Amino acid sequence: MNTPKLADRVAAGLQRLGVDVVTPLDPVHRSAITVFQTGRGRKTDLALCEYLLQKNIETAVRYTSNIGGVRISTHLYNSVDDVRSEEH
């Protein structure tokens, strides 16, 4: 599966969870990176990032001018199974 479709799947799963997807969802502006916020602040975003790392899901927290959140990057070596693990 190509990376934009994986990123779309990640974004859709995050929306189902009710978190705020910061990344533009318009296909014209999409990339393989999806950024979201928990809505509970940076400390919670950082805690989630650390929790996901314990589950072998590598993410990062990035903010610039108070815009940002947890960053998930899908790449050519990621698979649908990888995305499924992020959905749980």
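The legends below describe close-up views of a predicted model.

In this predicted model, local features need pLDDT of at least 70 and side-chain atom pairs count only at pLDDT 80 or more, whereas totals for chains, interfaces and linings use all residues. Residues are numbered from 1 along each chain as its sequence is written, and side-chain values use heavy atoms, with hydrogens and water left out.

**View 1. The overall fold, with 3 helices and 4 strands.** Helices (H or I, at least four residues) and strands (E, at least two) are DSSP runs, numbered from the N terminus. Along the sequence, these elements follow the pattern α-β-β-α-β-β-α. Of the 88 residues in the protein, 34% are buried, where buried means under 20% relative accessible area, exposed means over 50%, and partly exposed lies in between (1.4 Å probe, protein chains only). Contacts, defined by heavy atoms within 4.5 Å, join residues at least 24 apart in 48% of the cases counted between residues at least 6 apart in sequence.

**View 2. The open sheet of 4 strands, in the order S1-S2-S4-S3 with antiparallel pairing.** The edges of this sheet are S1 and S3, each of which pairs on one side only. Two strands are taken to pair if DSSP finds at least two bridges between them. By that criterion S1 and S2 pair in the antiparallel sense over 2 bridges, and Val21 stands opposite Phe36 in S2. Strands S2 and S4 run antiparallel and are joined by 4 bridges; among the partners in S4, Val70 is matched with Phe36 and Ile72 with Thr34. Strand S2 is largely enclosed by the rest of the structure, because 4 of its 5 residues are buried.

**View 3. The hairpin of S3 and S4, with 2 residues between the strands.** The antiparallel pairing of S3 and S4 extends over 5 bridges, and the bridge partner of Val61 in S4 is Val70. In the turn, Ser65 has a positive phi of about 55°. For context, most residues other than glycine have a negative phi.

**View 4. Helix H2 (residues 42-54) and its two sides.** At 1.5 Å a residue, the 13 residues of H2 should span 18 Å, and the end C-alpha atoms are 19 Å apart, which agrees; the expected span is 1.5 Å times one less than the number of residues. The buried residues of H2 are Asp45, Cys49 and Leu52. Seen down the helix axis, the buried residues of H2 fall within an arc of 65°, so they line one face of the helix, the arc being that of the directions from the helix axis to the C-beta atoms. An α-helix has 3.6 residues a turn, so residues three or four places apart point the same way. On the other side of H2, Lys43, Glu50 and Gln54 are exposed.

**View 5. The packing of H2 against strands of the sheet.** The buried residues of H2 pack against strand S2 (33-37), strand S3 (60-64) and strand S4 (67-73).

**View 6. Asn56 in the loop between H2 and S3.** Just after H2, Asn56 takes a positive phi of about 65°, and Asn56 is a residue other than glycine. At 71% relative accessibility, Asn56 counts as exposed.

**View 7. The surroundings of Arg30 in the loop between strand S1 (20-21) and S2.** Arg30 is buried, with a relative accessible area of 15%. A polar contact of 3.2 Å joins the side chains of Arg30 and Asp8; such a contact is a pair of N or O atoms within 3.5 Å, in which, within protein, one atom must be able to donate a hydrogen and the other to accept it, and residues adjacent in sequence count only if both atoms are side-chain atoms. Not counting residues up to four places away in sequence, Arg30 touches Ala7, Asp8, Ala11, Thr23, Pro24 and Leu25.
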